[in-house]
Amino acid sequence: MNKTTSKEPGLGKVLREDFRRGDLKKTLRQDYRDVKDFFLDEERRDRLAKMNWLKRGFFLAWWLLKALFLKLTPARRLLLLIALFLLLSAGSIIFESHQTTAQNDTKILGAVLLLFILLLELKDKLIAQDELQAGRAVQRALMPETSPSAPGWEVWLFTQPANDVGGDLIDFLEIKKGRYGVAIGDVAGKGLAAALFTAKLQATLRALATDASSLAELAARMNHILYRDGLPSRFASLIYFEMSQKSAAVRVLNAGHMPPIVVRKRSVKEMPKGGQALGIMPKISLAEQEITLRPGDALVAYSDGVTEARNLAGEFFGEARLRSQLSKFANRTAREIGEGILAAAAQFVGEARPHDDLSVVVLRRMA
């Protein structure tokens, strides 16, 4: 049996490629901001902004070092403490016997201990990264096409997690011939826990959507399951559209999500607000909405990762900017509308890292 092994690139080649990268300065700035955002709370970041550069450097170094100690395991904390002591102490350790004498610089021992701690932390990160990549692969397998086929309609779907896995749901269902469902949801929280709950939300929707006599019944049954099987403070908002090939009417279920936006040739208007999110209370009662779209009209639903996208100054993209952008895309295709939203948000955010999962769903009625 032949066994193929991937050959590791040479260290020199890797370093040359690193120096050739044109985004080194940008990456370092981003890494510095990420370290501050992760290890320092908002109060400390505000205090730093009011300090002069010398005082700011001292406090930043102390707070980051303290946070580093607290995040390590007890054994690694002790190793780091020993490593710092050895690095900062000027001296050597001498081992003597009746035959030999050995001398070792304490700084070298400190550097070796630091390298060992770094290897342990890197090992943990790589293991977690492999597991998250596997979870991301599962999420991608469960996602529908970007532009699924629904005769009479243009459908465009997009989701982008803030991290390796996300807590946003987008889905497309063919309930029966000529009848379709489109969903967008947002689970409270981020990361792996939110991703697992999103998979539960998707599976529940797919299992119940084909048999529910009404969207209100669908919401009640989904809520019962999510509340029964959920965790404290874990809930989901959901918008579910249902349409058919022969009708211009769209039935809408809104469980605690931002209202969809209706984009017509001469107007951009929000639909009425929905009811309670799923999984909070044991019983809920949601009213079904309905809207009729003329040829060229579009319905846009989005997660709060769009309106709450922040730039480096901490400003939000906001609903006003979103509606302003949508007014420019009246009578455009569903894809053009969706990609226009993404381009506007990306331009506004600039170099800032995403703070939340970002998802967009666009339905457009064809002639």
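1. On a 1 Å grid over the protein atoms alone, a pocket is an open set of points with protein on both sides within 12 Å along at least five of seven lines, a cavity is a set of points where a 1.4 Å probe fits but cannot get out, and lining residues have an atom within 4 Å of a point. The structure is a predicted model, in which local features need pLDDT of at least 70 and side-chain atom pairs count only at pLDDT 80 or more, whereas totals for chains, interfaces and linings use all residues. Residues are numbered from 1 along each chain as its sequence is written, and side-chain values use heavy atoms, with hydrogens and water left out.

2. On confidence, pLDDT (the predictor's confidence in each residue, from 0 to 100) averages 86 over the protein, and 93% of the residues score at least 70. Strand β2 (residues 101-105) has the lowest confidence, with a mean of 55, while strand β11 (residues 298-302) has the highest, at 96; strands (E, at least two residues) and helices (H or I, at least four) are DSSP runs, numbered from the N terminus. Residues 1-5 stay under 50 in pLDDT, and the model gives them zero contacts (heavy atoms within 4.5 Å) beyond four places in sequence.

3. The largest pocket holds about 2000 Å³ of space, a volume being the space filled by probe spheres set on the grid points, which are joined across faces, edges and corners. Its lining comprises 48 residues, with D34, V35, D37, F38 and F39 nearest the centre. Helix α2 provides the largest share of this lining, 10 residues, and the elements that each supply at least two residues include α2 (24-39), α4 (53-71) and α6 (106-142). By class, 24 of the lining residues are nonpolar, eight polar and 16 charged, where Ala, Val, Leu, Ile, Met, Phe, Trp, Tyr, Cys and Pro count as nonpolar, Asp, Glu, Lys and Arg as charged, and the others, Gly among them, as polar.

4. The second largest pocket has a volume of about 300 Å³. Of its 17 lining residues, Q160, A346, V349, P354 and L358 are the closest to the centre. Both β3 (153-160) and α11 supply at least two residues of this lining, and α11 gives the largest share, four residues. The class split here is nine nonpolar, four polar and four charged residues.

5. As for enclosed space, there are two cavities of 30 Å³ or more, and the second largest of them contains about 30 Å³. The second largest cavity is lined by R179, A209, A212, S214, L215, L218, E242 and R251, a set that divides into four nonpolar, one polar and three charged residues.

6. Q289 belongs to strand β10 (residues 289-292) and is buried, at a relative accessible area of 14%; buried means under 20%, exposed over 50%, and partly exposed in between, with a 1.4 Å probe and protein chains only. A polar atom of the Q289 side chain lies 3.4 Å from the backbone oxygen of P272. Beyond its neighbours within four places in sequence, Q289 is in contact with V250, R251, V252, N254, M271, P272, K273 and G274. Of these partners, R251 is also one of the residues that line the second largest cavity.

7. N331 sits in the loop between α10 (318-327) and α11 (334-349), and its phi is near 70 degrees, a positive value in a residue other than glycine. With a relative accessibility of 48%, N331 counts as partly exposed.

Key:
Polar contact = N/O pair within 3.5 Å; in protein donor to acceptor, adjacent residues only side chain to side chain.
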